[in-house]
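Trainee: Hello! I am new to this structure and would like to learn how to read it. Could we go through it together?

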Amino acid sequence: MESLMYRIAIVRKGQPADRRTAAGPGELRDVVYGVIRAEGSTITDADHSGLIELIGSARDMADIEGFAGLEFGAASITIRPATPSRPEKPGKVTPSDVRRYPAYYIAGDGRAAAEASSCDHGYRVTDSCPCCP
Ligand SMILES: [Zn+2]
């Protein structure tokens, strides 16, 4: 499954990280294009296909590996899926899974699996259990 949301950090030496989110591949590309332009490069029509391929392969890597990096001039860009594309383990969902990946288990595709799972105290893991940390 492809991630729909990405967390992006743009880092330049000596500056705080500029953190962004992208709601999909188009916004991710816009952020990367913005960085390239901010680094003083002009993007010509001839550059688009190569850049789209580069950004697309970085996105694939982020989807599969959970992390991808790009560098343009003095800027480093890291890309992570905001929702894990592959939850770490199939089957029973634990309360710590829900705490770690709320976007996936509460609001995302993992909701049904989370609702079908209960903690050691008998509460559904989507409900707050008074005994779980
Ligand atoms: Zn519990």
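Mentor: Gladly! Let us start with the metal site, keeping in mind that this is a predicted model. The zinc ion has these protein donors: C119 through SG, H121 through ND1, C129 through SG and C132 through SG. They lie 1.9 to 2.4 Å from the zinc ion.

Trainee: How are the donor residues of the zinc ion spaced in sequence?

Mentor: The pattern reads C-x1-H-x7-C-x2-C.

Trainee: And what arrangement do the 4 donor atoms make around the zinc ion?

Mentor: For that we look at angles. Four donors count as tetrahedral if all angles lie between 85 and 135 degrees. Here the angles subtended by the 4 donor atoms run from 104 to 112 degrees, so the arrangement is tetrahedral.

Trainee: Are C129 and C132 buried or exposed?

Mentor: Both are buried. C129 also turns up in a core of 10 residues, together with V98, Y105 and A114 among others. That core is the second one, separate from the largest.

Trainee: Then what should I know about the largest nonpolar core?

Mentor: First the general idea: in soluble globular proteins, nonpolar side chains tend to be buried together. In this structure, the largest nonpolar core has 21 residues. I8, L28, V32, L70, F72, I77 and I79 have the most contacts inside it.

Trainee: Which elements give two or more residues to this core?

Mentor: Strand 1 (6-12), helix 1 (25-38), helix 2 (48-65), strand 3 (68-72) and strand 4 (75-81) do. Helix 1 provides the largest share, with 6 residues.

Trainee: What is L28 in contact with, leaving aside its neighbours within four places in sequence?

Mentor: L28 touches Y6, I8, A22, I55, R59 and I79.

Trainee: How many aromatic pairs does a search of the whole structure find?

Mentor: The search finds 1. To read such a pair, check the ring planes: over 60 degrees apart counts as edge-to-face. The planes of Y104 and Y105 are at 85 degrees, with ring centres 4.9 Å apart, so this pair is edge-to-face. Both tyrosines are buried.

Trainee: Where is K13 found, and is K13 buried or exposed?

Mentor: K13 sits in the loop between strand 1 and strand 2 (18-22). Its relative accessible area is 81%, so K13 is exposed.

Trainee: Finally, which domains does the domain assignment give?

Mentor: It gives domain 1 (6-81) and domain 2 (87-126). Taken over C-alpha atoms, the centres of domain 1 and domain 2 are 31 Å apart.

Conventions: Residues are numbered from 1 along each chain as its sequence is written. This is a predicted model: local features need pLDDT of at least 70, side-chain atom pairs count only at pLDDT 80 or more; totals for chains, interfaces and linings use all residues. Side-chain values use heavy atoms; hydrogens and water are left out. A nonpolar core is a set of buried Ala, Val, Leu, Ile, Met, Phe, Trp, Tyr and Cys residues joined through side-chain atoms within 4.5 Å. Buried means under 20% relative accessible area, exposed over 50%, partly exposed in between (1.4 Å probe, protein chains only). Helices (H or I, at least four residues) and strands (E, at least two) are DSSP runs, numbered from the N terminus. Contact means heavy atoms within 4.5 Å. Donors are N, O and S atoms within 2.8 Å of the metal (3.2 Å for Na, K and Ca); water is not among the atoms, so sites may look incomplete. Four donors count as tetrahedral if all angles lie between 85 and 135 degrees; four count as square planar and six as octahedral if opposite donors are over 155 degrees apart and all others between 65 and 115; anything else is irregular. Rings of Phe, Tyr and Trp (its six-membered ring) pair if their centres lie within 6.5 Å; planes under 30 degrees apart count as stacked, over 60 as edge-to-face and the rest as tilted. Domain bounds come from an automatic or database domain assignment.
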